[in-house]
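Hi,

Here is the model I promised to pass on. Have a look at it first, and my notes follow underneath.

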Amino acid sequence: MEDEVFDQLVYVLNQLVSWVAAGAMIFGGVVPYIPQYRDIRRTQNAEGFSTYVCLVLLVANILRILFRFGRYFETPLLWQSIIMIMTMLIMLSVCTDVRVATELSTKRRSFIATDSKDEEIKVPKKVFLDFDWNYFWLWSRFVDYLQCVLAFTAVAAYITYLFLDSILFVETLGFLAVFTEAMLGTPQLYRNYQNKSTEGMSIKMVCMWTSGDTFKTGYFLVNQAPVQFWICGLLQVCVDFAILFQVYYYSRYPQKPVSHTVHTTSAKAL
């Protein structure tokens, strides 16, 4: 009798730990963006946050969702991608609103050309897409970002549908999804190396990313996620620790002073 009670208690505890781990996996990735969102709203200044972070995470998580059609993986990982996509769209929305409100120029940039009567929207009427790479992902309306994301999703989904029976394609798709996210910290790592300094970088944010990526990689290993997930997770952790080492090294052994201003980064800025 006592053995049965003990077994039931162990089972309940295991289930509780599984639920907590799944919840942390789903929502843990968006936690660092909550204070950043509040800070942007409070200061009406989005210079410290790179919207290219949103671009990378949107691409990575859209590809991860498509990968699930070819190879099943844990449902919490699917929900993690959905929640992350929603979070990045919210961050894009607030950054766009703040940037447009403080922008001195009245010229508006769009992803898709429009015949709108608004004279402020300077877009050629005979051009369907605005492929001016100088302004790519720097559009003036949130709807343009949304249109770009939907266009990318549609094209990627169609290609995935055509090649879903190809094991090579499916595995490559999964690798691209997690590798894109794993490389999110490398621009910050390279910029620190170029500047020979980590001044202006949010150390707390890097610590949060390191702990989160370590937990995520452990979750991949314990739950036997596809090999692409935990290999790129380990790579991501290595990049995080490399950035932390830069923080230690450049604070202990200061290099030549940086000649330009470094804005505070909220995350793995691009």
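Below are notes on a pocket, a helix pair and two loop residues.

First, the ground rules: this is a predicted model, with local features needing pLDDT of at least 70 and side-chain atom pairs counting only at pLDDT 80 or more, while totals for chains, interfaces and linings use all residues. Numbering starts from 1 along each chain as its sequence is written, and side-chain values use heavy atoms, leaving out hydrogens and water.

The second largest pocket has a volume of about 280 Å³. Gly28, Gly29, Met208, Gly212 and Asp213 are the closest to its centre, out of 18 lining residues. H8 (203–222) is one of the helices that line this pocket, and H8 gives the largest share, seven residues. H1 (2–27), H3 (51–70) and H4 (75–102) each supply at least two.

H3 and H4 also pair up: their axes come within 9 Å and cross at roughly 155°, so the two are roughly antiparallel (angles over 145 degrees). The contact of H3 with H4 has 16 nonpolar, five polar and three charged residues.

Two residues other than glycine have a positive phi. Tryptophan 137, with phi near 65°, is in the loop between H4 and H5 (142–162). At 1% relative accessibility, tryptophan 137 is buried (under 20% relative accessible area, 1.4 Å probe, protein chains only). Lysine 196, with phi of about 55°, is in the loop between H7 (186–195) and H8. Its relative accessible area is 23%, making lysine 196 partly exposed (between that 20% and the 50% above which a residue is exposed).

Cheers

Methods: On a 1 Å grid over the protein atoms alone, a cavity is a set of points where a 1.4 Å probe fits but cannot get out, and a pocket is an open set with protein on both sides within 12 Å along at least five of seven lines; lining residues have an atom within 4 Å of a point. Grid points are joined across faces, edges and corners, and a volume is the space filled by probe spheres set on the points. Helices (H or I, at least four residues) and strands (E, at least two) are DSSP runs, numbered from the N terminus. Axes are lines fitted to C-alpha atoms, for helices over the stretch in contact, and angles run from 0 to 180 degrees between N-to-C directions. Angles under 35 degrees count as roughly parallel, over 145 as roughly antiparallel, 65 to 115 as roughly perpendicular and the rest as oblique. Ala, Val, Leu, Ile, Met, Phe, Trp, Tyr, Cys and Pro count as nonpolar, Asp, Glu, Lys and Arg as charged, and the others, Gly among them, as polar.
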